[in-house]
Amino acid sequence: MALPRITVLISGRGSNLAALLAAEKAGALRGIVHAVISNRADAPGLALALEHGAAVNVVDHRAHASRDAFDLALAAAIDATHPDLVVLAGFMRVLGPAFVQRYAQ
C-alpha cells in the first residue's frame, strides 16, 4: 500500500518542514512529503524541499487582490499536487472558512 502523499504549506525558514522531513527519513512519518508550497518566493524552506526532492511552488499572496482570490489560487496549486493530506507547517497566512472546509476530512 502506498504511503499518503503530503503537501506542506510554509512561509519561512522551514523549521517545521525540516522536522517533518526528518520524521519521514526516520520512518516515523506515515506519509511522503511530495510537494511544498509557499506564499513567499524567498522562503528558505523551499531549498529544504528541493534538497528532499519535493516539488515546490510559490503562490504569492501579494499578487492577488483579495484574500478569497489568494485562497482560490492556493487551492488550485494544492489540488494540482493531488495530496492525501495538506499540512500547514509555519504557514503564516489566515485562510478563509471556505478554503479550510475544502480540505476538511
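This note covers a helix pair and the largest pocket in a predicted model.

1. Helix α1, spanning residues 15-25, and helix α2, spanning residues 45-52, pack with their axes 10 Å apart and at an angle of about 20°. Since angles under 35 degrees count as roughly parallel, α1 and α2 are therefore roughly parallel to each other.

2. As to handedness, the crossing in which α1 passes α2 is left-handed. On the α1 side the contact is made by L17, A18, L21 and E24, while α2 contributes G45, L48, A49 and H52. By class, the residues of this contact between α1 and α2 comprise 5 nonpolar, 2 polar and 1 charged.

3. Turning to the pocket, the largest one in the model has a volume of about 170 Å³. Its lining is formed by P83, D84, L85, V86, L88, L95, F99, V100, Y103 and Q105.

4. Two elements, strand β4 (85-88) and helix α4 (97-102), give two or more residues to the lining of the largest pocket. Of these, β4 supplies the largest share of that lining, with 3 residues.

5. In terms of residue class, the lining of the largest pocket has 8 nonpolar residues, together with 1 polar and 1 charged residue. D84, as an Asp, belongs to the charged class, and D84 is one of the residues that line the largest pocket.

Notes:
Residues numbered from 1 in each chain as written. Predicted model: local features only at pLDDT ≥ 70, side-chain atom pairs only at ≥ 80, totals over all residues. Heavy atoms only, no water. Axes fitted to C-alpha atoms, helices over the stretch in contact; angles between N-to-C directions. Helix = DSSP H or I, 4+ residues; strand = E, 2+ residues; numbered from the N terminus. Parallel < 35°, antiparallel > 145°, perpendicular 65-115°, else oblique. Left-handed = near helix turned anticlockwise from the far one by under 90°. Contact = heavy atoms within 4.5 Å. 1 Å grid on protein atoms, 1.4 Å probe; cavity = no way out; pocket = protein on both sides within 12 Å on 5 of 7 lines; lining within 4 Å. Points joined across faces, edges and corners; volume = space filled by probe spheres on them.
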